[in-house]
Amino acid sequence: MATIAPPPSKRQRREALERSQIQQDVTPPVIEAGSFKARFVDSDGNQLAETIEVPLADATEKNVSLLLNTLLGREREEFTPYRFRIHIPNSDIVVDNYPTPSEFLAVLRKHGIENPFETTITLAAEPQAVFKVQAVTRMSNRIPGHGEAILAAQFSPKTSSLLATGSGDNTARLWNTDSGTPKYTLKGHTGWVLALAWSPDGQNLATGSMDKTVRIWDESGQSVGRPFNGHSKWITSISWQPFHLWRDDTPKLASASKDATIRIWIVNTGITEHVLSGHKGSVSCVRWGGTDLIYSASQDKTVKVWDAITGTLKHTLSSHAHWVNHLALSTDFVLRTAFYDHTKNVPATTAEKRAKAKERFEKAARQQGQIAERVISASDDFTMYLWDPAQGTKPLARLLGHQKQVNHVSFSPDGNLIASAGWDNHIKIWGRDGKFLTTLRGHVAPVYQCAFSADSRLLCSGSRDTTLKVWDMRSFKLAVDLPGHEDEVYALDWSLDGRLVGSGGKDKAVRLWRN
């Protein structure tokens, strides 16, 4: 029998009656009258517009963003949403989260500005993506097909209706995400498919396996050419040459292996162009940068930077005290998508495609007027390092905070945030300069992977606790919890137009999530 709550006592009834007769206070919180002087600068510190007085009562982030657009003389259709950081005068303190008008004065006073009406406050404006990705909220499809756990997943850059997965059943599969059905099974490998990567133009898929080979497939699931043999142990990671560096439409591919080497293949012929040997342990991750440098992370505790054209070693970055597990570049997103962007305008000719890919890369990599591609490395020593290999072998920042090994790290598409996932069940968010911002707590087991949405406003994470979680990157709070997997989630990817998240793991079925 259900327990029934006892009826309210005489005192409780009397208090309830009194409460219902008193007029509730509905006056809004008083925002002190007054204004402050705002000076707008871009992320490199160059002044954007003249200093202007802003009334405190109207100083919401949205209003200030509209004001800046008006000062820059933009038409209504061309308005760019901005996010602001407040630089406290006469100090190095930066307030990352823009306060509401009622909190504005309190925040300034907390940092020692007694009379903000007489000081000029510097607002650093960061342009946000013009399009908005909705958080995925529901599982739209559960597609069985693989016979073993799914180890890797990636959406095609060309269209979100094609998802590729690699599995422990020795096959890779292509899935039609619109209908939620299996499309093609890519058979040929004789070992687990550990790594896969779409070419930036979306025409081909490369898969790497425990059978020591790399295979190339086209969009219709057909094998292209013969398998690439050469590695003496299994393949751990694959990276394509960025589209704007392709010569005569001949793409190249870098594969990293447990045999401590990285091989550069000419895709059309399957010939090995260079073997990059120098690591003393298994190479865990390889990335091909937009300036024709190849970055490799290894279990010998180093990250090595190679010249892809000559195949020579340029730098060895050795600061980690244990295996290096993963690498991410600040330009990863634009290199992966090449000339595909949110406008869906695909250039007609190859030269135009290359020009657009190059322009997008340079825009993403430009800092203080120079092309600076940053690399972040995650390691079993619980730390991460941020590097700018163009400036030398000294790390720009050491990112401390994880209590256990760091498994996966990624840059947001706009390059302003870094997310790291660790075995301590936490995801940590860092600024582009390696400054710690927050910890996202919610998972109750190690977090294996995380993926940003294309507009950098959301982050999705997959964990051993069988759930995916979507986090809001403004408030750093949990936006949606997505249970649905029956076992650990090993692989996930957010489609490049933001419509879908695809995930796979130990329960062998691909799951698609949409909003």
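Which residues of strand 31 are buried on one side, and which on the other? Select strand 31, residues 427-431, to find out. I427, I429 and G431 lie on one side. K428 and W430 lie on the other. All are buried, so both faces of the strand are covered. Keep in mind throughout that this is a predicted model.

**Stop 1: strand 31 and its partners**

Stay on strand 31. Five of its five residues are buried. The split between its sides follows a general pattern. In a regular strand the side chains alternate between the two faces of the sheet.

Now add strand 30, residues 417-422. It runs antiparallel to strand 31, and five bridges join the two. Pick S420 and look across: K428 in strand 31 stands opposite. The two strands make a hairpin with four residues between them. Click on N425 in this hairpin; its phi is positive, near 70°.

Next, add strand 32, residues 436-440. Four bridges join strand 31 to strand 32, again in the antiparallel sense. I429 stands opposite T438 of strand 32. This pair of strands also forms a hairpin with four residues between them. In the turn, G434 has a positive phi of about 90°.

**Stop 2: the sheet of strands 19 to 22**

Move to the open sheet of four strands. Their order is 19-20-21-22, and the pairing is antiparallel. Colour the edges first: strand 19 (283-288) and strand 22 (312-317) each pair on one side only. From one strand to the next, the twist averages 20°.

Zoom in on strand 21, residues 303-307. Five bridges pair it with strand 22 in the antiparallel sense. Two cross-strand pairs are worth selecting. W306 stands opposite L313. V303 has L317 as its bridge partner. The two strands form a hairpin with four residues between them, and G311 in the turn has a positive phi of about 75°.

Now select D292, in the loop between strand 19 and strand 20 (293-298). It is not a glycine, yet its phi is positive, about 65°. Is D292 buried or exposed? Its relative accessible area is 10%. The cut-off for buried is under 20%, so D292 counts as buried.

**Stop 3: the nonpolar cores**

Jump to the largest nonpolar core, which has 23 residues. Show F36, F84, I86, Y98 and L123 as sticks: these touch the most other members. Then colour the elements that give two or more residues to this core:

- strand 1 (35-41)
- helix 2 (61-71)
- strand 3 (82-87)
- helix 3 (101-110)
- strand 5 (120-127)

Helix 3 gives the largest share, four residues.

Centre on F84. Leaving aside neighbours within four places in sequence, its contacts are F40, E61, V64, S65, L68, D96, Y98, L123, A124 and A125.

Apart from this core lies another, of 16 residues. Among its members are Y295, V303, V305 and L317. V303 and L317 are the bridge partners from the previous stop.

**Stop 4: helix 5**

Select helix 5, residues 350-365. At 1.5 Å a residue, its 16 residues should span 22 Å. The end C-alpha atoms are 22 Å apart, which agrees.

Show K356, A357, R360, F361 and A365, the buried residues of this helix. Look down the axis: they fall within an arc of 155°, so they line one face. An α-helix has 3.6 residues a turn, so residues three or four places apart point the same way. On the other side, A351, E359 and K363 are exposed.

What covers the buried residues of helix 5? The cover includes helix 4 (332-337), strand 24 (366-367) and strand 25 (370-371).

**Stop 5: two last residues**

Pick R366, in strand 24. At 42% relative accessibility, it counts as partly exposed. Draw a distance from its C-alpha to that of L459: the two are 24 Å apart in space and 93 residues apart in sequence.

Finish at F382, in the loop between strand 26 (375-379) and strand 27 (384-387). Like D292, F382 has a positive phi although it is not a glycine; the value is about 75°. F382 counts as partly exposed, at 33% relative accessibility.

Definitions and conventions:
Residues are numbered from 1 along each chain as its sequence is written. This is a predicted model: local features need pLDDT of at least 70, side-chain atom pairs count only at pLDDT 80 or more; totals for chains, interfaces and linings use all residues. Side-chain values use heavy atoms; hydrogens and water are left out. Two strands pair if DSSP finds at least two bridges between them. Axes are lines fitted to C-alpha atoms, for helices over the stretch in contact, and angles run from 0 to 180 degrees between N-to-C directions. A nonpolar core is a set of buried Ala, Val, Leu, Ile, Met, Phe, Trp, Tyr and Cys residues joined through side-chain atoms within 4.5 Å. Buried means under 20% relative accessible area, exposed over 50%, partly exposed in between (1.4 Å probe, protein chains only). Contact means heavy atoms within 4.5 Å. The expected span of a helix is 1.5 Å times one less than its number of residues. The arc is that of the directions from the helix axis to the C-beta atoms.
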